[in-house]
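Below are some comments for a colleague who has the sequence and the coordinates open side by side. They are set out as numbered points, each of which can be checked against the model.

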Amino acid sequence: KDKAREWKRRMDEAYQRVDYGEEDEKLIDQVDEEIEKESLSLKTEYKRQLRARLQMIWDEYDIDGNGILDKKELFSLMRDYFKRAVPVYAGVIEKRRMQRLIG
């Protein structure tokens, strides 16, 4: 969200400069290119982190190390997931309910 706000602010500034005649339209293209590069870089880093996280989880639950989660390993993974997800989900529901009550 912070990056999106920053990018919007940068584009708004570029449009203002062009509107006031301080810069030509190339500035808008340049800022747009910079934002695209930053966005791609962030997406690439996010994918890398997700892949590493998934590998870490897989390695934790693949007890026999054969690269395939058998029924017992998968059951263990799902049990732990739901055990952790229920309190988080309940908290999200409560937060949304309170937001509706407040306003």
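**Notes on the predicted model**

1. K3 has a relative accessible area of 33%, so K3 is classed as partly exposed, the range for that class lying between under 20% for buried and over 50% for exposed. The coordinates are those of a predicted model, and the remarks that follow should be read with that in mind. The side chain of K3 forms a salt bridge with that of E6, with an N to O distance of 3.7 Å. Both residues belong to helix 1, which covers residues 2-19, and they are three residues apart, about one turn of the helix. E6 is likewise assigned as partly exposed, at 27% relative accessibility.

2. The pair in point 1 belongs to a wider arrangement, since K3, E6, R10, E34 and E38 are linked in a network of salt bridges. Across the whole structure, the search returns 13 salt bridges.

3. A further salt bridge in helix 1 joins the side chains of K8 and D12, at 3.0 Å from N to O. These two residues are four apart in helix 1, so about one helical turn separates them. Is each partner exposed or partly exposed? K8 counts as exposed, because its relative accessibility is 52%, and D12 counts as partly exposed, at 37%.

4. In helix 3, the side chains of R97 and E94 meet in a salt bridge with an N to O distance of 3.0 Å. Here the partners are three residues apart in helix 3, which means that about one helical turn lies between them. R97 is partly exposed at 43% relative accessibility, and E94 is also partly exposed, with a relative accessible area of 37%.

5. E73, which is placed in helix 3, deserves a separate look: E73 is buried and yet has no salt bridge. Which side chain of opposite charge is nearest to E73, and how far away is it? That side chain is K72, at 8.6 Å, whereas a salt bridge as counted here needs a nitrogen-to-oxygen distance within 4 Å. Once neighbours within four places in sequence are set aside, the contacts of E73 are with Y61, D62, I63, D64 and I68.

6. Which residues make up the largest nonpolar core? The core has eight residues in all, namely W7, M11, A14, V18, L27, I28, V31 and I35. Helix 1 and helix 2 are the elements that contribute two or more residues to this core. In soluble globular proteins, nonpolar side chains tend to be buried together.

7. Two members of that core can be followed through their contacts. V31 lies in helix 2, residues 26-61, and V31 is classed as buried because its relative accessibility is 9%. Apart from residues up to four places away in sequence, V31 touches R10, M11 and A14. On the same basis of counting, A14 touches L27, I28 and V31. As a reference distance within the model, the C-alpha atoms of V31 and Y46 are 22 Å apart, with their positions 15 residues apart along the chain.

8. The loop between helix 2 and helix 3 contains L69, and D70 is found in that loop as well. Is L69 buried or exposed? L69 is buried, its relative accessible area being 16%, while D70 is partly exposed at 34%. With neighbours within four places in sequence left aside, L69 is in contact with W58, Y61, D62, L74 and L77.

9. Two distances help to place this loop in the model. L69 and E6 are 63 residues apart in sequence, and their C-alpha atoms are 43 Å apart in space. D70 and S41, 29 residues apart in sequence, have a C-alpha to C-alpha separation of 36 Å.

10. On the surface, L74, M78, Y81 and F82 form a nonpolar patch, and together these residues have about 400 Å² of accessible area. F82 is located in helix 3, which spans residues 71-102, and F82 is partly exposed, with a relative accessible area of 47%. L74 thus appears twice in these notes, as a member of this patch and among the contacts of the buried loop residue L69.

Notes: Residues numbered from 1 in each chain as written. Predicted model: local features only at pLDDT ≥ 70, side-chain atom pairs only at ≥ 80, totals over all residues. Heavy atoms only, no water. Patch = residues over 30% accessible without salt bridge, like charges linked within 9 Å, V, L, I, M, F, W, Y side chains within 5 Å. Areas by Shrake-Rupley, 256 points an atom, 1.4 Å probe, with all protein chains shown as cover. Buried < 20%, exposed > 50% of the residue type's maximum accessible area, 1.4 Å probe, protein only. Lys, Arg positive; Asp, Glu negative; His and termini not counted. Contact = heavy atoms within 4.5 Å. Core = buried A, V, L, I, M, F, W, Y, C linked by side-chain atoms within 4.5 Å.
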